[in-house]
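Biologist: Got a minute? I'd like a quick tour of this model before I head back to the bench.

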Amino acid sequence: MSNKPIIVALDYDNKSEALQLIDQLDPNMCRLKIGKEMFTLFGPELVKEIHSRDFDLFLDLKFHDIPNTVAKAVTAAAELGVWMTNVHASGGLAMMQAAREALLPYGDKAPLLIAVTVLTSMSDEELALLGINVPAAEHVKRLASLTKQAGLNGIVCSAQEASMLKAEFGADFKLVTPGIRPAGSDKGDQHRVMTPTQALAAGSDYLVIGRPITKAANPLAALTEIHASLK
Ligand SMILES: O=c1ccn([C@@H]2O[C@H](COP(=O)(O)O)[C@@H](O)[C@H]2O)c(=O)[nH]1
């Protein structure tokens with residue numbers, strides 16, 4: 001487990017609202033994530049604004065394309081100086097290897113590179129609609145194995161799979177888990193969920209938490225409560 005496991009998912013369509021929250025947060029308490037919505041709306045300028053406030057930033061763009069394109073996208077992410085970025089493991093071994101190799105020139109300044117396995121919003125039934133007729137956990141394990149073979153730093157998965165994956169792939173292979181829901185909070189579109197404390201106990205390294213914080217009446221209080229519960 002990281003000594004700073006919470007990653008707040010900033011899924012806002014309004015930059016001022018996001019910065020208002022960020023300005024209440026302590027970079028020693030959490031890291032931040034922006035994804036497709038905020039990066040498409042506000043681009044590298046937002047990355048600079050977050051970095052100027054001393055936060056580690058996870059650029060969650062989930063690249064999924066041919067190896068050459070993904071390698072160039074990952075290079076662009078490294079140029080932004082982000083702490084972590086990602087690709088889809090289902091893009092395949094060659095794609096993930098190309099992404100990893102693109103980061104070699106950055107040495108210890110390279111972002112952590114992880115791969116999304118099975119989205120936490122997906123159930124076994126939804127996987128079956130794609131022709132994947134195994135339980136989500138089994139498909140996650142298969143994609144995690146491919147990711148490890150490609151030399152990436154870890155994966156995005158559900159905390160429900162964390163204990164199985166830690167046992168299989170070891171402590172150094174990072175498990176980044178969205179689908180985190182404090183007891184009693186709305187699941188929304190997430191399917192494979194766990195509470196923050198259960199997720200850490202199961203072996204998650206990083207907990208990605210969005211709406212339970214950003215949609216709370218008092219986001220800072222919600223984050224502070226989750227942070228305290230992990231002590
Ligand atoms: O499998 C995945 C991969 C990424 N995400 C992202 O994490 C956050 C979760 O937000 P919540 O509001 O806490 O549900 C969001 O940005 C997703 O794009 C994921 O949920 N599952």
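Modeller: Sure. Bear in mind that this is a predicted model. A closed barrel of 8 strands runs 1-2-3-4-5-6-7-8, and the pairing is parallel.

Biologist: How many degrees does the twist average from one strand to the next?

Modeller: The average is 25 degrees.

Biologist: And how many helices and strands does the chain have?

Modeller: There are 10 helices and 8 strands. The radius of gyration is 17 Å, close to the 17 Å that the globule rule gives for 231 residues, so the chain is as compact as a globular protein of that length.

Biologist: What box do the C-alpha atoms fill?

Modeller: Roughly 40 × 40 × 30 Å, along the principal axes.

Biologist: Let's zoom in. In what sense do strand 6 and strand 7 pair?

Modeller: Parallel, over 3 bridges. Strand 6 covers residues 154-156 and strand 7 covers residues 174-177. Gly 154 sits opposite Lys 174 of strand 7. Between the two strands the chain passes through helix 7, residues 162-169, and this β-α-β crossover is right-handed.

Biologist: How many bridges join strand 7 to strand 8?

Modeller: 2 bridges, and those strands run parallel. Strand 8 spans residues 206-209. Here Val 176 stands opposite Tyr 206.

Biologist: Which helix makes a β-α-β unit with strand 7 and strand 8?

Modeller: Helix 8, residues 196-202. That unit is right-handed.

Biologist: Back to the other end of the chain. Which strands does helix 2 lie across?

Modeller: Strand 1 (6-10), strand 2 (31-34) and strand 3 (57-63). Helix 2 itself is residues 36-51. It runs at about 150 degrees to strand 3.

Biologist: Now the ligand. Which residues are closest to the ligand?

Modeller: Ala 9, Leu 119, Pro 178, Gly 210 and Arg 211. In total, 15 residues surround the ligand.

Biologist: What's the shell around the ligand like by class?

Modeller: It has 7 nonpolar, 6 polar and 2 charged residues.

Terms used. Residues numbered from 1 in each chain as written. Predicted model: local features only at pLDDT ≥ 70, side-chain atom pairs only at ≥ 80, totals over all residues. Pairing = 2+ DSSP bridges. Helix = DSSP H or I, 4+ residues; strand = E, 2+ residues; numbered from the N terminus. Right-handed = clockwise from strand over helix to strand, strands pointing away. Near = placed C-beta within 6 Å. Nonpolar A, V, L, I, M, F, W, Y, C, P; charged D, E, K, R; others polar. Axes fitted to C-alpha atoms, helices over the stretch in contact; angles between N-to-C directions. Contact = placed C-beta atoms within 7 Å. Rg over C-alpha atoms; globule rule 2.2 N^0.38 Å.
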